[in-house]
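Please brief me on this structure. I want the enclosed space, the strand pairing and a few buried spots.

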Amino acid sequence: MLAALRFPPLLALLAAGSSLLLSAQAPAGSATPAQIPAGQATGAPQPAQLDAQRRPITEGDFVASGPVIFSDDSAHAGLTSWTHKMGTPAKNYIVETKGSGVALLDYDNDGWLDIYLVNGSTVDALTGKVTPPHAALFHNNHDGTFTNVAEKAGVTNDRWGMGVAIGDYDNDGWPDIYVTNVGKNRLYHNNHDGTFTDVAEKAGVQLGNWSSGATFGDYDGDGRLDLFVAGYVHWDWNHLPASPGGATNAFCTFRGEPVACGPRGLKGESDHLFHNNGDGTFTDVSEKAGVADKPGYYGLGAVFTDVNNDGKPDLLVGNDSTPNYLYINKGDGAFEDDSYASGFAVNSAGSETASMGLAVGDYQNNGQNAVFNTTFSDSYKPFYQNEGDGNFTDISDQLGIAEVSTPFLSWGDAFLDYDNDGYKDLLMSDGHVYPQADQYNWGTSWAERPMLFHNLDGKRFAPVPAVEGTGLALVIAGRGMAVGDLFNNGKLDAVINVMDGHPVLLRNVSPDRNHWIELKLIGGDKSPRDAVGATVYITANGMKQRGDVLSGGSYLSNNDPRPHFGLGQATTVQDIEVHWPGGKIEHFTVPGIDRIITLTEGAGK
């Protein structure tokens with residue numbers, strides 16, 4: 001236990017938000033402060049963008065009227081009974097700033113999505129002085145409300161929580177929960193009775209330092225889900241980095257002001273790939289597979305997804321203030337590092353970014369998944385168009401996203417067809433890491449509004465105005481975000497985990513009257529039971545759309561596993577083509593639209 005370790009005086013100072021001065025240790029071979037920007041920032045300071053009331057557009061730029069896309073249903077749904085907590089309000093240390101993720105899953109197999117919210121912690125909780133902040137598992141009551149059953153279910157975590165990924169790792173038909181922490185991780189095995197058992201130590205996936213994004217995927221095609229866990233910073237409570245009151249080096253300033261140190265100047269934590277042995281245990285094959293992150297980059301977002309359409313899941317890792325990774329699956333148990341060759345390592349300016357979340361989706365309906373990457377403020381958000389064969393081009397500026405996104409510090413992100421017109425739109429959660437943002441004229445703010453972009457026929461994205469009093473006008477310290485159909489009505493909603501606040505449920509109330517269809521996939525003998533890794537193509541309304549069953553992604557979060565398709569005004573679906581993870585390709589017909597349909601491997605043609 002932390003209380004028994006040798007550093008209570010340091011922890012006491014941290015808990016008090018002190019300005020304890022300790023030196024930050026740079027990793028061997030790292031650049032000097034003169035060579036690279038400080039801290040997490042990777043872009044040059046940008047002029048402030050203010051609205052008519054002279055507020056930064058991150059907390060303003062509202063309109064009085066217009067189409068209402070999301071309502072704030074947080075209180076009505078019962079989510080405001082729970083509060084996220086991470087460190088002290090001063091945020092003197094980077095470990096207090098990153099926030100936590102959220103997952104949408106049907107843990108009890110009743111056909112309705114439930115909500116798992118990861119919580120952070122405090123030093124007092126780690127040292128046993130106070131009760132640890134609990135994670136939440138909100139059971140869907142099927143009437144627009146949710147009930148927190150985390151304690152009864154045994155999934156409160158009670159550690160310094162970061163991320164979550166969902167996957168049925170033992171193919172028993174029930175979703176399991178993997179939670180990453182600053183410290184030991186948890187693997188909650190679903191007991192089929194509304195409860196879970198933490199089997200991380202027995203399974204060999206506990207680790208022990210600062211884990212961040214996690215993703216399940218069957219990388220070797222044996223029909224069992226493997227697990228990748230990104231590492232962020234190697235955190236040592238005995239040797240804390242400098243705090244703002246004593247920071248004097250460039251790693252600990254932002255726009256000339258002292259702020260929490262890191263990640264630059266701190267040692268990175270390695271990534272891990274765990275192979276599923278099929279007996280409830282995993283083996284660490286990171287080195288053998290070529291994904292161990294030997295440079296020690298600062299991993300955050302992670303997702304298995306097939307980027308070159310060869311039927312094998314590749315691996316994307318978004319790294320903070322260091323180049324991103326794209327690992328191409330070679331099909332022999334190993335990956336090829338194509339990060340730079342693919343164009344995914346850096347943005348269009350050739351610069352690494354402070355990558356947070358990863359969104360994957362076919363925005364053009366051409367069968368190729370693009371990747372959107374949230375980043376720090378003063379940096380635009382890269383949009384990597386898939387050119388085929390795993391090659392990417394950052395076209396954020398051409399799509400109309402770059403300039404307007406620059407002031408925002410963004411985290412969770414997702415492609416979602418919010419108006420069911422057949423084109424995937426883009427949503428992101430936002431919020432700064434430095435409370436000092438409200439004290440200086442940086443053109444940004446600590447709490448920020450979410451951003452929604454409407455897809456204009458796969459050619460450009462247009463920002464959707466934030467109407468006063470609606471969900472898009474909420475000014476919050478957003479972090480992890482997951483999207484899904486929480487009310488089984490064909491409208492995609494979003495849940496945002498808010499730093500030191502109540503979670504937000506953005507209920508989709510778009511006035512469109514377009515049609516839709518959603519699919520729950522069940523894998524057969526050669527595929528994971530939850531069909532993670534499956535790709536679906538639907539032909540309807542004169543277009544062919546793609547959807548994927550993914551685990552992880554966004555920022556430390558997990559979206560609805562059911563592929564959702566907007567059909568526009570189409571009243572029929574010509575074809576559903578499923579590429580199962582085990583390699584089988586099947587075609588299905590459906591009895592109708594505006595419904596959720598279950599497709600089982602082996603039942604198609």
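The notes below cover cavities, sheets and one histidine. The model is predicted. It holds 3 cavities of 30 Å³ or more. The largest has a volume of about 440 Å³, and the second largest about 60 Å³.

**Largest cavity**

- The lining of the largest cavity counts 28 residues.
- V360, F415, D548, N559 and D560 are the lining residues closest to the centre of this cavity.
- Four strands each give two or more residues to the lining: β21 (358–361), β25 (410–416), β30 (478–484) and β35 (543–548).
- Sorted by class, this lining has 12 nonpolar, 9 polar and 7 charged residues.

**Second largest cavity**

- Q46, P47, A48 and Q49 are among the residues that line the second largest cavity.
- The lining also includes F254, S377, D378, T406 and P407.
- W442, G443 and T444 belong to the lining too.
- By class, the second lining splits into 5 nonpolar, 6 polar and 1 charged residues.

**The open sheet from β25 to β28**

- Strand β25, which helps to line the largest cavity, also belongs to an open sheet of 4 strands.
- The strand order is β25-β26-β27-β28, with antiparallel pairing.
- Strands β25 and β28 (460–463) each have a single partner, so one side of each has no neighbour in the sheet.
- Neighbouring strands here are turned by 25 degrees against each other on average, direction ignored.
- Strand β27 (residues 451–456) pairs with β28 over 4 antiparallel bridges.
- Across that pairing, N455 stands opposite F461 in β28.

**Strand β30**

- Strand β30 is another contributor to the lining of the largest cavity.
- Of its 7 residues, 7 are buried.
- β30 runs antiparallel to strand β31 (residues 493–498), and 5 bridges join the two.
- M481 stands opposite I496 in β31.

**Strand β15 and its partners**

- Strand β15 (residues 272–276) is mostly covered, with 5 of its 5 residues buried.
- In a regular strand, side chains alternate between the two faces of the sheet.
- On one side of β15 are H272, F274 and N276, all buried.
- On the other side are L273 and H275, and these are buried as well.
- Strand β12 (residues 226–231) pairs with β15 over 3 bridges in the antiparallel sense.
- In this pairing L227 stands opposite F274 in β15.
- β15 is also joined to strand β16 (residues 282–284) by 3 bridges, again antiparallel.
- Here N276 stands opposite F282 in β16.
- β15 and β16 form a hairpin with 5 residues between them.
- In the turn of the hairpin, G278 has a positive phi of about 85 degrees.

**H139 in strand β5**

- H139 is found in strand β5 (residues 136–140).
- Is H139 buried or exposed? Its relative accessible area is 18%, so H139 counts as buried, because the cut-off is under 20%.
- H139 and Y107 are 32 residues apart in sequence, yet their C-alpha atoms are 8.5 Å apart in space.
- Which residues does H139 touch beyond its neighbours within four places in sequence? Y107, D108, D110 and D114 are among its contacts.
- Its contacts also include T145, F146, T147 and V149.

Notes: Residues numbered from 1 in each chain as written. Predicted model: local features only at pLDDT ≥ 70, side-chain atom pairs only at ≥ 80, totals over all residues. Heavy atoms only, no water. 1 Å grid on protein atoms, 1.4 Å probe; cavity = no way out; pocket = protein on both sides within 12 Å on 5 of 7 lines; lining within 4 Å. Points joined across faces, edges and corners; volume = space filled by probe spheres on them. Nonpolar A, V, L, I, M, F, W, Y, C, P; charged D, E, K, R; others polar. Pairing = 2+ DSSP bridges. Axes fitted to C-alpha atoms, helices over the stretch in contact; angles between N-to-C directions. Buried < 20%, exposed > 50% of the residue type's maximum accessible area, 1.4 Å probe, protein only. Contact = heavy atoms within 4.5 Å.
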